[in-house]
Amino acid sequence: MDDFETAILLSLNPLAEKDAYQQATQFVAKVESAHDGWRFCLERLAQPGYRAETRFWCLQVILKAVQNDGLLQAKDKDLVRNVVVQFIAALPGQSVSTEQSFVVSKSAQLFAELVGQDYPETWPRAFQEGVIPLLESDGGKGIALFFSILQVVDDDLTSKRAAELHATRSVRVKDAMRGDCIEQITATFTATLASNDLRLMALALDAIRRYSEWVDIQLVVTETLVGLVHQTLGQADAKQKPLTASVAAALRAILAKGMPAAHKLELLKLVRVEDLLKSLAMLHKVEDDLLGPEEADLFLAHPQLEIARLVNQIAMVAIECMSSLKSAHAAQIAESALPAALRLVGEDDDPDVTTETMEFINHYVRLCAPNIEANLGGVTAVVNIVIERSTFPPDYNPFDETSTFFALRSKLMTLFKNIVRAVPGLCISSVRQILSEEYSNPDPSPARAELAYALLNRCQLVLASTENAEVDETVRLALSTPLRCLEAAELGRKDANTEAQRTYACFALFTLAYHAHRIITTNSDMLLQVLSPYFDERGLRHPTSAVHRSKTADFLLKFLEKLRAVVVQKYLNQVVYAVITHVGSSNLLTANDRLVLYETLGLVLGFPIRHPTPERCENLKVVLQPLIRELESSKSTRDPSNGLFAVTALSRVAKGFSSSKGDKTDEDSLLNQLWRDCLVAVTDYYVTFQDDAEVNRTVVVFAQTMVDTSGDLILLYIKTLVPLLLRHTSGPLEMKKVLDLVNQVGAQFKEDSFPVINEIFTPVVRKTFGYSVTDASNRSEETRERQELRRTFLSVVHGFLSRNLQNVLTSPENLAILEVVISSYLEGASGNQFDLNSAPSVIKLSFQTLAKMVSLWTKDPNSGQQTDVAGFREFVVEKLSGVCISAPLESQYFFEHGFNTVQAEKALAEIVALQKVSPRARGGLPSLRAYGVVRFVTESWAFPAVCWRLGVCLLTLVSCGYSTLCLPWLVVCGAVRSGVQFETGEGRASNVWAFG
């Protein structure tokens with residue numbers, strides 16, 4: 001071992017002594033980076049005795065030098081090629097080790113790189129010198145190296161990926177190989193397949209898989225290969241045949257070769273695929289579905305998956321030939337592929353196997369659809385296998401979504417939906433057969449029940465637009481007479497997996513009912529029968545599973561939401577009583593389950609009908625009074641917890657009335673009294689427990705709901721609730737909810753809400769501005785919440801101006817804070833207090849609101865009347881003139897994104913709109929634009945960069961059609977610093993006159 005090799009080994013060992021490691025690393029780095037370092041390594045490579053690690057390192061340095069365009073001269077290349085060929089020729093006689101395999105791989109990479117650069121122009125005998133001689137080397141020991149080099153040549157030069165990276169080089173190499181050596185190479189494939197060496201046979205099959213893409217198909221499809229295919233894949237055995245995966249992958253690659261359909265059909269005949277498919281249909285899955293050691297490093301899937309890919313490839317080629325050639329023989333091949341495909345789906349739990357096979361089966365079903373009678377046998381076989389494989393296994397828990405069966409079943413259900421589209425009658429008959437068998441079975445299976453409901457549900461979804469009578473009849477049967485295995489007597493009789501399957505079957509029944517709302521509406525007499533499972537041990541009273549009960553409550557809500565009209569017209573009392581029984585007395589339900597049921601009651605009772613009956617109010621009273629008593633009880637016990645649930649439940653009930661638009665004249669007084677009782681009870685409760693943070697949050701939600709439900713009754717209580725809420729808000733997020741409530745009141749009642757909003761406005765503003773917004777660069781959650789609160793406030797005030805509530809801002813009670821309100825829009829005009837995502841919308845909103853104020857609070861040019869807002873005329877002249885110019889110039893958003901984004905142009909358009917509306921509405925005010933010009937000239941003379949940014953802004957506005965407004969400003973920009981050169985953020989800019 002010389003010093004060079006010692007340095008290499010030390011540099012590869014980070015655990016070596018520190019100084020020695022550093023010195024060695026520096027030495028080898030110096031050799032690698034030297035101009036002639038490659039020559040030094042080439043000399044060492046030609047010398048025997050070096051370890052594999054050293055030779056690998058030298059090969060790597062030489063490879064980098066060859067890849068360095070222009071580094072090596074022609075004579076240098078000749079030297080490198082000669083040494084590499086000699087080095088490769090000596091490899092077969094050397095010992096085999098992991099390190100040696102790395103040397104083989106790197107030498108093959110170097111050979112392939114030289115071929116890619118020099119073959120065939122300057123190195124026409126590359127393969128004759130470097131590859132073919134390996135076949136006779138050391139008694140056949142070079143054959144494995146021969147295939148290893150072919151692998152790398154394919155990876156780097158001839159594969160599809162290599163062609164995508166270097167198309168010209170790939171085409172050149174393949175064309176040269178066709179005329180030079182490909183016949184010798186492929187002859188080696190055939191000869192190797194006739195040997196008994198499994199490793200070499202696997203390598204030969206791998207080479208066929210790689211090279212068949214571009215090699216003449218007659219050179220690879222030989223009698224030897226066809227015989228091996230049928231010997232390996234065509235005979236059933238208890239154990240996995242060696243090379244199964246390699247043979248299947250090689251044949252699939254051959255069949256995938258691009259060629260005319262007629263040639264593909266001849267290829268199918270040549271390979272005798274019909275015989276092969278018959279054998280594959282009978283070839284049962286073996287236990288040891290693993291790659292053999294001879295195939296382990298060839299990037300193959302497990303044998304069953306490779307067989308599935310092969311079957312799919314054969315079938316898809318046959319379908320292609322059917323479509324283009326109208327070939328009966330191709331159709332026969334496709335028909336022969338179906339049993340093999342169904343065998344794979346029926347026996348293998350691997351979702352990948354199913355996915356591969358499903359492609360063909362889906363195509364098969366679509367092809368059969370136009371002439372289904374002629375292909376009914378095949379499609380029936382598909383349906384049968386779907387049913388068989390979709391049934392839950394005995395040890396399967398359907399709530400385990402990580403199971404491979406879950407993914408498999410999902411694909412099977414998709415296939416079934418495709419079959420329903422093609423052959424609805426067959427699918428419905430199959431479902432009815434399952435139901436019939438389970439109805440007559442003394443011990444019906446939950447798994448089969450779930451399957452029947454799941455398949456039937458897919459039938460009704462696919463056929464929903466056709467209103468198929470057979471589907472409707474089957475759905476009515478399934479819903480009216482649920483299978484006995486779901487009943488209470490069956491619960492607890494089986495193991496945990498069976499119980500989980502029973503629960504899933506109940507959910508499948510509820511899902512079927514949810515999607516059957518059209519059928520139930522038409523046959524409303526069956527509603528109570530359908531509802532029965534929801535309320536007994538199959539649903540809300542399930543004795544052991546909290547998940548089962550909770551999901552049932554959700555299903556019931558969704559189900560009755562679709563059927564509210566039927567319930568209100570015929571079964572209101574029965575349904576309300578059934579639900580109330582559970583919310584009032586069930587100890588099994590969680591608080592959230594009960595809230596879902598209260599929401600269900602609200603949806604049913606709040607359904608809008610043209611002629612309501614007194615029974616609705618009576619039922620609502622039955623629902624509300626226990627909750628009101630709960631609130632009173634909380635007050636007497638000084639315990640807010642029970643009352644919290646009652647307030648939330650009242651919100652859920654009221655939610656169902658928020659969209660009620662029916663004719664309520666006959667019941668208005670009764671409803672109003674009930675809602676008034678609720679409002680009084682909640683307000684009294686809140687006054688008692690106002691210091692409780694959770695009570696505050698819950699009452700805000702209740703008030704928001706009642707704004708939409710109780711009409712103007714809520715206004716009186718808002719005056720009481722909001723001041724208390726303001727007193728106890730403890731952060732910007734809670735304050736935002738109060739602002740949302742105030743905004744909701746204004747939007748719902750408009751000018752009718754003036755007395756209430758006028759009274760609470762000043763406290764709301766002061767509380768809002770207690771949460772200042774100062775640092776947009778701070779991205780904490782607290783800062784984000786404060787920004788969102790301020791943006792909400794700006795929207796609320798803008799809403800007031802749009803809903804005839806502008807007098808709230810100018811009333812004597814609120815005039816003192818008007819300046820604070822207007823200043824918030826001046827601050828928002830630049831958007832600098834907000835993050836860059838929010839800034840453009842805030843800028844736009846600010847200028848929209850300022851323009852609205854100008855139009856409302858200055859002289860009306862039509863009537864000549866003027867709103868008496870003290871100091872506003874002076875504010876327009878003094879402030880707005882400057883902000884129209886300064887805001888976009890100071891805005892961090894415009895600085896970061898420029899003036900040409902869609903959001904920027906929208907914001908700038910609002911600035912122009914403000915400048916337009918001001919002169920029209922100002923009466924005797926001086927021109928906003930003229931005043932702004934004077935201020936700009938006097939205040940910005942010394943800042944030419946400001947002129948530049950303004951010029952860009954103005955040119956953007958000119959391009960948007962605002963030339964009349966903007967051209968005077970462009971003249972000013974030029975006059976301020978005419979002829980002056982200045983630096984911008986993007987380099988030097990010419991004088992500002994260029995903007996014109």
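**Figure 1. Contact of helix 6 with helix 10 in the predicted model.** On the helix 6 side, the residues that take part are Glu-113, Val-115, Gly-116 and Gln-117, and they meet Arg-169, Arg-172 and Val-173 of helix 10. By class, this contact has two nonpolar, two polar and three charged residues. Helix 6 covers residues 98–118 and helix 10 covers residues 167–180. The angle at which they pack is about 95 degrees, and their axes are 9 Å apart. An angle of 65 to 115 degrees counts as roughly perpendicular, and helix 6 and helix 10 are therefore described as roughly perpendicular to each other.

**Figure 2. The cis peptide bond between Tyr-119 and Pro-120.** The bond from Tyr-119 to Pro-120 is cis, and its omega is near 5 degrees. Pro-120 belongs to the loop between helix 6 and helix 7, the latter spanning 126–130.

**Figure 3. Packing of helix 39 against helix 42.** Helix 39 (residues 781–802) and helix 42 (residues 839–857) have axes 10 Å apart and pack at an angle of about 30 degrees. Because angles under 35 degrees count as roughly parallel, helix 39 and helix 42 are roughly parallel to each other. Their crossing is left-handed. From helix 39, the contact draws on Arg-791, Leu-794, Ser-795, His-798, Leu-801 and Ser-802. Their partners in helix 42 include Ser-841, Val-842, Leu-845, Ser-846, Gln-848 and Thr-849. Lys-852, Met-853, Leu-856 and Trp-857 are also among the helix 42 residues met by helix 39. Sorted by class, the contact of helix 39 with helix 42 holds seven nonpolar, seven polar and two charged residues.

**Figure 4. Surroundings of Ser-830, in the loop that precedes helix 42.** Ser-830 is placed between helix 41 (818–828) and helix 42. With a relative accessibility of 10%, Ser-830 counts as buried. When neighbours within four places in sequence are left aside, the contacts of Ser-830 are Ile-843, Ala-887 and Ser-891.

**Figure 5. Salt bridge of Asp-76 with Arg-39.** The whole structure contains 39 salt bridges. In the one shown here, the side chains of Asp-76 and Arg-39 meet with an N to O distance of 3.1 Å. The pair links distant parts of the chain, 37 residues apart. Asp-76 is in helix 5 (residues 74–90), and Arg-39 is in helix 3 (residues 37–46). Asp-76 counts as buried, at 8% relative accessibility, whereas Arg-39 is partly exposed, with a relative accessible area of 31%.

**Figure 6. Salt bridge of Asp-155 with Arg-210.** In this pair the closest N and O atoms are 2.8 Å apart. Asp-155 lies in helix 8 (residues 143–158) and Arg-210 in helix 12 (residues 198–211), so the salt bridge ties together parts of the chain that are 55 residues apart in sequence. Asp-155 is partly exposed, at a relative accessible area of 36%. Arg-210 counts as buried, with 14% relative accessibility.

**Figure 7. Salt bridge of Asp-536 with Arg-538, and a salt-bridge network elsewhere in the chain.** For Asp-536 and Arg-538, the closest N and O atoms are 2.7 Å apart. Asp-536 counts as buried, at 16% relative accessibility. Arg-538 is also buried, with a relative accessible area of 10%. In the network, Asp-154, Asp-155, Asp-206, Arg-209 and Arg-210 are joined by salt bridges that share partners.

**Figure 8. Asp-348 in the loop between helix 19 and helix 20.** Helix 19 spans 328–347 and helix 20 spans 351–368, with Asp-348 in the loop between them. Asp-348 is buried, and its relative accessible area is 2%. From C-alpha to C-alpha, Asp-348 and Gln-304 are 8.1 Å apart in space, with 44 residues separating them in sequence.

**Figure 9. Positive phi at Glu-467 and at Lys-750.** Glu-467 is not a glycine but has a positive phi of about 50 degrees. Its place is the loop between helix 24 (446–462) and helix 25 (469–480). Lys-750, another residue other than glycine, has a positive phi near 50 degrees. Lys-750 lies in the loop between helix 37 (732–749) and helix 38 (754–768). Lys-750 is partly exposed, with a relative accessible area of 40%.

Conventions: Residues are numbered from 1 along each chain as its sequence is written. This is a predicted model: local features need pLDDT of at least 70, side-chain atom pairs count only at pLDDT 80 or more; totals for chains, interfaces and linings use all residues. Side-chain values use heavy atoms; hydrogens and water are left out. Axes are lines fitted to C-alpha atoms, for helices over the stretch in contact, and angles run from 0 to 180 degrees between N-to-C directions. Helices (H or I, at least four residues) and strands (E, at least two) are DSSP runs, numbered from the N terminus. Angles under 35 degrees count as roughly parallel, over 145 as roughly antiparallel, 65 to 115 as roughly perpendicular and the rest as oblique. Contact means heavy atoms within 4.5 Å. Ala, Val, Leu, Ile, Met, Phe, Trp, Tyr, Cys and Pro count as nonpolar, Asp, Glu, Lys and Arg as charged, and the others, Gly among them, as polar. A crossing is left-handed if the near helix is turned anticlockwise from the far one by less than a right angle, and right-handed if clockwise. A salt bridge is a side-chain nitrogen of Lys or Arg within 4 Å of a carboxyl oxygen of Asp or Glu. Buried means under 20% relative accessible area, exposed over 50%, partly exposed in between (1.4 Å probe, protein chains only).
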